[in-house]
Amino acid sequence: MNYRHGYHAGNFADVVKHIALVAILQHLKKKDTAFAVMDTHAGRGSYDLSGEQAAKTGESQNGIARLRGLRGEMPEALAAYLDLAKGSAYPGSPLLAAQLLRPQDRLTAIEKHPEEFAALKDTLSPFRNAVVEQQDGYARLPRLLPPPARRGLVLIDPPFEATGEFETLARAVAAALRKFATGIYLIWYPIKSQAEADGFTGEVLAAGAAKALTVEVKIAAPEGRLDRAGLLVLNPPYGFDAAMRAAAAVIASPMDAAIGVRWLAGED
Ligand SMILES: C[S@@+](CC[C@H](N)C(=O)[O-])C[C@H]1O[C@@H](n2cnc3c(N)ncnc32)[C@H](O)[C@@H]1O
């Protein structure tokens, strides 16, 4: 467990993942009914972009830093994300979610690493409806499903430092779908080979997801650095594809990125 998200916070992949997270939560909030968010690999929740780890890689320079100058009318999810990410403390997924929840909603944020967990606990301490657990997110997830409200989002954002992470992830998603088939799933993956990424998304689809799309992004990264990443979204809420396309149309140029939204099953 050497991975520390502080080296990558606010990079191109975080930007796209976090806009997607905000878009899904905005949709869930359209109904008064409570919902649950389960973040299986939560990280520490807040990252100092002027700190040592961020400075070492400079990755946020190709991500959130490129969006600081955007002005004017903005698609809804992008506007809300930029507002939450405007400071030098970059918000990770559990903090973004905690800030967007209403009193009736619940967040369970799971983090395995002891130092990251301690920081996460601290970050989420002001939020009464957030529960923080130091656990293996894969092992814990099935026991949280289905959430009592039977509405909600599962975010799975592993570090991909272990060999076989794609297989572990696909098995975890298949098991989760058996318990909560109607949930929205937001799953992050790196793209080092398109065939590997397609193999993974195909395996998850075969597990029985009725509606699925991917959002894939590519940037011009320095040699040896990750330059492509994807999101597999199962049961995307109605209009999510349009929301992501609208955000992509604004951020692609400043980030010098190619962003594609592709339906795999059950197009709206
Ligand atoms: C990519 S980072 C998460 C970033 C976060 N989701 C965000 O968007 O701000 C992955 C995190 O998973 C943690 N982790 C690694 N293995 C884990 C496991 N089996 N269960 C839960 N957390 C784990 C790592 O310590 C790391 O903080």
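# Pocket, ligand and cavities

Colleague: Where does Arg150 lie?

Modeller: Arg150 is in the loop between H6 and E6. Bear in mind that this is a predicted model.

Colleague: What is the phi of Arg150?

Modeller: Arg150 has a positive phi, about 55 degrees, and it is not a glycine. Most residues other than glycine have a negative phi.

Colleague: And Pro146, where is that?

Modeller: Pro146 also belongs to the loop that runs between H6 and strand E6 (152-156).

Colleague: Is the peptide bond between Leu145 and Pro146 cis or trans?

Modeller: The bond joining Leu145 to Pro146 is cis, with omega about -10 degrees. In general, most peptide bonds are trans.

Colleague: Change of topic. Where does the ligand sit?

Modeller: The ligand is in the largest pocket.

Colleague: What volume does the largest pocket have?

Modeller: The volume of the largest pocket is about 1100 Å³.

Colleague: How many residues line the largest pocket, and which lie nearest its centre?

Modeller: The lining of the largest pocket has 50 residues, and Tyr3, His5, Pro158, Pro159 and Phe160 are the ones nearest the centre. By class, the lining of this pocket has 19 nonpolar, 18 polar and 13 charged residues.

Colleague: Which helices and strands supply at least two residues of that lining?

Modeller: Helix H1 (12-28), helix H6 (137-144), helix H7 (165-179) and strand E7 (184-190) each do so for the largest pocket. H1 gives the largest share of the lining, five residues.

Colleague: Back to the ligand. Which residues come nearest?

Modeller: There are 19 residues around the ligand, and His18, Ser93, Glu111, Gly137 and Asp157 come nearest. The shell around the ligand is made up of four nonpolar, 10 polar and five charged residues.

Colleague: What lies 2.7 Å from a nitrogen atom of the ligand?

Modeller: That is an N or O atom in the side chain of Asp157. Two backbones also come in: a backbone N or O atom of Gly137 is 2.8 Å from a ligand nitrogen, and a polar backbone atom of His41 is 2.9 Å from a nitrogen of the ligand.

Colleague: How much of the ligand does the protein bury?

Modeller: The protein buries 96% of the 610 Å² that the ligand exposes when taken alone.

Colleague: What about cavities? How many are there of 30 Å³ or more?

Modeller: The count is two cavities of 30 Å³ or more. The largest cavity has a volume of about 40 Å³, and the second largest holds about 30 Å³ of space.

Colleague: Which residues line the largest cavity?

Modeller: Val16, Ile19, Val215, Met244, Ala248, Ile251 and Ile259 form the lining of the largest cavity. H1 and helix H9 (240-255) are the elements that give two or more residues to the lining of that cavity, and H9 has the largest share with three.

Colleague: How many polar or charged residues are in the lining of the largest cavity?

Modeller: The lining of the largest cavity has no polar and no charged residues; seven are nonpolar.

Colleague: And which residues line the second largest cavity?

Modeller: The second largest cavity is lined by Ala13, Val16, Lys17, Trp188, Val215, Val217, Ala229, Gly230 and Leu231. Two or more residues of the lining of the second largest cavity come from each of H1, strand E8 (212-219) and strand E9 (228-234). By class, the lining of the second largest cavity has seven nonpolar, one polar and one charged residue.

Conventions:
Residues are numbered from 1 along each chain as its sequence is written. This is a predicted model: local features need pLDDT of at least 70, side-chain atom pairs count only at pLDDT 80 or more; totals for chains, interfaces and linings use all residues. Side-chain values use heavy atoms; hydrogens and water are left out. On a 1 Å grid over the protein atoms alone, a cavity is a set of points where a 1.4 Å probe fits but cannot get out, and a pocket is an open set with protein on both sides within 12 Å along at least five of seven lines; lining residues have an atom within 4 Å of a point. Grid points are joined across faces, edges and corners, and a volume is the space filled by probe spheres set on the points. Helices (H or I, at least four residues) and strands (E, at least two) are DSSP runs, numbered from the N terminus. Ala, Val, Leu, Ile, Met, Phe, Trp, Tyr, Cys and Pro count as nonpolar, Asp, Glu, Lys and Arg as charged, and the others, Gly among them, as polar. A residue is near a molecule or strand if one of its heavy atoms lies within 4 Å of it. A polar contact is a pair of N or O atoms within 3.5 Å; within protein, one must be able to donate a hydrogen and the other to accept it, and residues adjacent in sequence count only if both atoms are side-chain atoms. Accessible areas come from the Shrake-Rupley method with a 1.4 Å probe; for residues, only the protein chains shown count as cover. A molecule sits in a cavity or pocket if more than half of its atoms lie within 2 Å of its grid points.
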